[in-house]
Structures are given as C-alpha cells and as structure tokens.
Amino acid sequence: MRNFHNNSLSLKFKNFLIKLNEKIFNKKVFKATLCVASILFLIFAPGFIFNKSNYQISLDEYMNLTNKEKIVLELWHIETFEGGTNSRKMYLENQAIKFNKQNNNCFVSVKSLTEEQLYLNLQSNNFADVYSFGIGSGYMLTNELNELPKNNEVRKDLQEYSKLINKIYAYPYILSGYALISHANMVSDNSQIINLIQSKTINKKEVKGVGFSSTSSINPSKVLIENSISNQSLNNYFECSSTYNAYTNFLSNKFISLLGTARDVARIKNRELNGSIGECNYNYFSNYSDLIQYVGVSKNLDGIKEKYAKDFASYLTSNVCQNALKNYGLFSTTNNKIYESDYMSDFENALSGNLSSINVFSNLEQIEREKNKSFNSLFN
C-alpha cells in the first residue's frame, strides 16, 4: 500500500511539471518575450555601442597618475674603485625600479660614465640630475651639487667625508673595504699582519711580500698605516699597474699577499671553491676605507624635480636599499648589519667601527699628496 501511494504522488508531480513546462514555453509567450527584448535592445543598445568614450583607455587613470607631473631623473654613475660581486649600475637600476613603484610618476634613468666622460660632459655644460661618485671624481662636482639635509640613517663617521664647509653635499650609500689575502702555503705564521707582507725565499727564489696598485685614486697604503704597519723595507713591495693586474699577479704567485678589496676577496673565494687556487688566509681591515660610493643632487634643479631627486638620494640610504647590498657583495653605510654568517659577516664586523677616510671632494693633487705620504710611511 505504501509503495502504491508513493508512486501515485510521483506521477502527479511529474504531470504538474509537464503542464508548467508547456505554459512557460508556449510558442505565443515565447514570441512575445522575444519581441519585447528586441525592442528594449534597439532602444538602449545604440547609446552604449556608439559612445566612443566607452572604448577609450586613460593611461593616467590606469597608472594612477592623474593630475601628477611626469618626472624623469637622469643619474650618472661614475666608478673609481672595484665593487663587490655584481654591477653597482645594476644595483642602482633595481633600486630605481623600487622607487618608481612608490612614486609611479617618477622614473630614474641610470647611465655609467668614466671619469673622463664626466669631465667632458661638465665642460660642455651637460649635467645630470643625480650623481653617483667616489674619490677621484668628486672634485669635478664640487660646484655642481645642491646642499642636502641631514640624514639620520647614515653613519656619522662616513658622512663627514662628503661635507664642504660643514655642509652636506652627498650621502655615502655604498661601502667596501680592504683585505689582505695571503697564500697559505707561503706563510708559516699568520698571527700577525707584518709576517704576511715580508718577502721570502721559496724554492731558492725570492717572492715579494705584498702587492697592490698605487696608480688609481684609492690609497691602499693608508689602510696598513691605520692598522699600525709602517717603516717596512721597499724590497717587500711588488708594484702592479692596476688593481686587476695586482689580482692576476697574485694568482701567478708573484707575491705572498695581495692588498685587495671586497671584489678581490669574492674572486679568490670563488677560485678556492672551484679548486683553481690553493687555500688562502684572509685578514679584513678596520679603521680606514676610501672605498665609498656617494650620491649627490644637481644644484640646477628646482620644484618637484629637485624634491624627487633629493628623495631618491635619501631612498638609497633606506633599510630596503641598504639590505639589498648583500646581493652585490658590498656593505651598508648605515648601522644595518646585513650579513648573518660566513666570511662576509667577518668583513662587515671589521668595517663596523669608526672609519677614517679622505674627503670625496679632494682634488687630484690632494689625493696624490696623501697617497705619497702614506706610501713613504709604509715603505722606506
């Protein structure tokens, strides 16, 4: 009985659905609905379809640049010393991209120049908006830069070397340092630096103690002086024509120890890993570095362009930019510790104390005088 009752209800429900379907899809009802829809379409569609404004894309609205002036800053990057593991120009380009994301109407174009190209451009009254420079090129910009406000992010000891008449004209934003790299199989006592720069007779052949180049604007002799090494015999010195020539001569065992930079440390560490050089000892120097990159802003700017140029200079000293230096084998000019372990952390610790340097705006005569003074104090 229960099954018969259920089947009867099911049959009635099916009949109900069939009749409902016939009413909804009745041909007359369907035709009437279609006719009304067509009339409504013809009335309202043309106003939308033929309205050109509905198809226009506003770039300003898309990039959120409405009512903002578009700014392009030209940055000239001049290198006067070897960097770390990657290009400093690439570093600047990557920071410029991040700056643009925060200021989407401002774009920074980075261009690399040699010291000679900088000189020729300035002589031709061609100027950049922002300058990245170091010792050996700063003297050309003495009269070209705008005074900058105090930057509390920057280390005070480093900031002193970009001042003129006690006014700030650039921010130090990249730091590198010196290291003494020695062939481990050539030294028996690694406890004192002085033992690593003495010439020795090895296999009946004299091998010079230390090699470096004194041809560029940087002053390697000074770092040894500032670390209590002086009055050494000139016979211990192997003269090199360039910083790269010093590196290649070290690989050729022309001397025991290379007085190099963070760039040399990275290159030789890589060679140790791939087995193309024997074990080396590394001593990272504190107390002195002239391996500092600065950023300054042109005095020819005003208004919104000047504002963005100064903002970008300050941005390079921010935590996000300073932390990014660890990807380039370089060090922070703020009090940030960016390396957690390994040899770069040791190198960073050596550079964390107060450093002396030379004013970045020193002219070539002043630079050469300081170099000669240091070299003559180191060797006699």
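Contact here means heavy atoms within 4.5 Å. In this predicted model, helix 5, residues 115-123, lies across strand 1 (71-78), strand 2 and strand 3. These strands belong to an open sheet of five strands with mixed pairing. The briefing below covers the sheet, the helices on it and the nonpolar cores.

**Sheet**
- The strand order is 2-1-3-13-6.
- The edges are taken by strand 2 (106-113) and strand 6 (171-175); each has a single partner strand, so one side of each is left without a neighbour in the sheet.
- On average, neighbouring strands of this sheet are turned by 20° against each other, direction ignored.
- Four bridges join strand 3 (residues 130-133) to strand 13 (residues 292-297) in the antiparallel sense.
- Phe-133 has Tyr-294 of strand 13 as its bridge partner.

**Helices on the sheet**
- Helix 5 runs at about 115° to strand 2.
- Helix 11 (residues 303-315) also packs on the sheet, where it touches strand 1, strand 2, strand 3, strand 6 and strand 13.
- The direction of helix 11 makes about 45° with that of strand 1.

**Nonpolar cores**
- The largest nonpolar core comprises 74 residues, and the most contacts inside it belong to Tyr-91, Leu-118, Tyr-131, Phe-133 and Ile-268.
- Phe-133 thus appears both in this core and in the bridge to Tyr-294.
- Beyond its neighbours within four places in sequence, Ile-268 is in contact with Ile-181, Tyr-247, Phe-250, Leu-258, Ile-277, Cys-280 and Tyr-282.
- A second core, separate from the largest, has 27 residues, including Ile-193, Val-207, Phe-212 and Ile-256.

Conventions
Residues numbered from 1 in each chain as written. Predicted model: local features only at pLDDT ≥ 70, side-chain atom pairs only at ≥ 80, totals over all residues. Heavy atoms only, no water. Pairing = 2+ DSSP bridges. Helix = DSSP H or I, 4+ residues; strand = E, 2+ residues; numbered from the N terminus. Axes fitted to C-alpha atoms, helices over the stretch in contact; angles between N-to-C directions. Core = buried A, V, L, I, M, F, W, Y, C linked by side-chain atoms within 4.5 Å. Buried < 20%, exposed > 50% of the residue type's maximum accessible area, 1.4 Å probe, protein only.
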